[in-house]
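Here are my notes on this model, set out as numbered points. Please read them with the structure open.

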Amino acid sequence: MAGDYSRWSPEPRDFKAMLKKLSHEQILQVLSEGLCSYCEEVIESRVNNLNLIQNSSAEFLRGNSSDDVISPKRKLNADADAYTPSPRVGDSTNSGRSKRFVSAPSTPAINKQPVSDLSNFEIKLNDGPSRSVVGDDLVEDQKEFIRYSQVGRRKDFVHYENVNEKQINVLKGLELHTNVFNPDEQKEVVELVYSLQRMGQKRQLRARTYSEPRKWMRGKGRVTIQFGCCYNYAVDKNGNPPGIVRDEEVDPLPPLFKKMIKRMVRWHVLPTSCVPDSCIVNIYDEGDCIPPHIDHHDFVRPFCTVSLLAECKILFGTTLKIINPGEFSGPFSLPFPLGSVLIFNGNGADVAKHCVPSVPAKRISITFRKMDVSKLPYRYTPDPELVGIERLVPPPSSDSSRNRHHGNNDKLPKSENKVFSNEDEFPPLGKSISSSRRTRR
């Protein structure tokens, strides 16, 4: 929210001192005068959550309160423990590397800006927002909309190559959605993955669900856990070709993964027409990689990958070269931040190959995909929890009321319209990036 606040004081530097002298009710009265009800509720939440003494009031009044934050721990999924009864791993992720997942109070490596308490709201990941009022008097659907509005979306990837004697953008269809899962939510997912890994090692999962091959050379032997369908990377011992093995069974999607799917569909990351019904978890040790490939067409497009535990770079191009084991080269390198979702579609999924060079630290990725209807396992039944997911719709009065009071130039930017160039560093999550836009060549 933006506006001219100079009318409250002739000298802006005295504004902080004035705020300190006001009571809580007086501050709310001053800051909500003449604003719409939606803005009043947002301001009230910010006043309740910000420490006016320790934080810069000037930054607060300029609206810089939507950066990524770490606030008290929340649970992404209350019933995850029911799926994974074994105790959690405490120090399984330590590697001494700087670019890796850490729990509160650390922030993602791509965020270098001051923070506040809005992006880590506890959001109930169901197929519709709860209307109940919670501790700070901000209802759940408004909290969810605030979190949703902080998602950064990039859809303008460009790299031209000669394909069939035509110059085409081989990255068309790629999308990067940042800040979809906050650090506490990432921690919940990582802990679940380690619990599943322990279950697989104890043979408590179906035989084809868990795979931990011998590391016979650098880059080979990453752990995989697959749910929803059995997928062959190569011809198996029974002669089944690469792709979905329809007569094999694996474990169903864990409840937490289904809630991640709902989050991505609700928050306009995935379309309602392509709700994933399977996934593959990749657990990388330091030095592990994924060689150049195009995902099998037993899975429809788009599909997506979630980045956890450590950042990495993904290489794209029609021709990716293998330099050494685990070492590749390609014409386009994409940084993949933590908590982000990368969408593969169009040329970005079917023309350009992609690969992950040897990772510098332990890392986890989860690839969610929807199976082609002609390749569904013989015993497949649709999961009712993943049917009829509704996309989040902003409050109907928010845009019109904000326009009346703030003018068209001050309206809340729509996340889908965020654009930033390939050369830019990722802007602070949740911030308007109009100042960092560049003319695309």
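1. How many of the 10 residues of H6 are buried? The count is 10 of the 10, so helix H6 is largely enclosed by the rest of the structure. Helix H6 spans 140–149. Its buried residues include charged names as well as nonpolar ones: Glu140, Asp141, Lys143, Glu144 and Arg147 are among them, and so are Phe145, Ile146 and Tyr148. Gln142 and Ser149 complete the list.

2. A word on the whole. This is a predicted model. The protein chain holds 10 helices and 18 strands. Of its 441 residues, 51% count as buried. Consider next the contacts between residues at least 6 apart in sequence: 77% of them join residues at least 24 apart.

3. The largest nonpolar core has 43 residues. Which of them touch the most other members? They are Phe257, Met264, Ile364, Ile366 and Phe368. Several elements give two or more residues to this core: helices H6, H7 and H8 (255–266), with strands E6 (223–227), E9 (278–284), E11, E16 (341–344) and E18 (363–369). H7 gives the most, with seven residues.

4. Phe368 deserves a look of its own. Leaving out residues up to four places away in sequence, Phe368 touches Phe257, Met260, Ile261 and Met264, among others. Its contacts also include Pro276, Ser278 and Cys279. Phe303, Cys304 and Val306 are on the list too. A second core, of 20 residues, lies apart from the largest one. Val170, Ile314, Phe332 and Ala349 are among the members of that second core.

5. Now the open sheet. Four strands form it, in the order E10-E17-E12-E15, and the pairing is antiparallel. Which strands stand at the edges? They are E10 (290–293) and E15 (332–336). Each has a single partner strand, so one side of each is left without a neighbour in the sheet. From one strand to the next, the twist averages 20°.

6. The pairings of E17 can be followed residue by residue. E17 covers residues 353–356 and pairs with E10 over two bridges, in the antiparallel sense. Here His293 stands opposite His354 of E17. Strand E12 (residues 312–317) is joined to E17 by three bridges, again running antiparallel. In that pairing, Cys355 of E17 is the bridge partner of Leu315.

7. Asp295 sits in the loop between E10 and strand E11 (303–308). Is Asp295 buried or exposed? Its relative accessibility is 8%, so Asp295 counts as buried. Neighbours within four places in sequence aside, Asp295 is in contact with Arg301, Phe303, His354 and Arg369. With His354 there is a polar contact, side chain to side chain, at 3.3 Å. His354 thus appears twice in these notes: opposite His293 in the sheet, and here as a polar partner of Asp295. Asp295 and Asp350 are 55 residues apart in sequence, yet their C-alpha atoms are 7.8 Å apart.

8. Asn182 is another loop residue. Its loop runs between strand E4 (175–178) and helix H7 (183–201). At 1% relative accessibility, Asn182 counts as buried. Which backbone nitrogens lie by its side chain? A polar atom of the Asn182 side chain is 3.1 Å from the backbone nitrogen of Asp184. For the backbone nitrogen of Glu185, the distance to a polar atom of that side chain is 2.9 Å.

9. Last, the cysteines. How many disulfides does a search of the whole structure find? It finds zero. Why is Cys230 not bonded to Cys229? Their sulfurs are 7.4 Å apart, too far for a bond, and Cys229 holds the closest cysteine sulfur to that of Cys230. The cut-off for a disulfide is 2.5 Å between the sulfur atoms. Cys279 is in no disulfide either: its nearest cysteine sulfur, again that of Cys229, is 9.0 Å away. Cys230 is buried, at a relative accessible area of 0%. Cys279 is buried as well, at 2%. Cys279 is also one of the residues that Phe368 touches.

Notes. Residues numbered from 1 in each chain as written. Predicted model: local features only at pLDDT ≥ 70, side-chain atom pairs only at ≥ 80, totals over all residues. Heavy atoms only, no water. Buried < 20%, exposed > 50% of the residue type's maximum accessible area, 1.4 Å probe, protein only. Pairing = 2+ DSSP bridges. Axes fitted to C-alpha atoms, helices over the stretch in contact; angles between N-to-C directions. Polar contact = N/O pair within 3.5 Å; in protein donor to acceptor, adjacent residues only side chain to side chain. Contact = heavy atoms within 4.5 Å. Core = buried A, V, L, I, M, F, W, Y, C linked by side-chain atoms within 4.5 Å.
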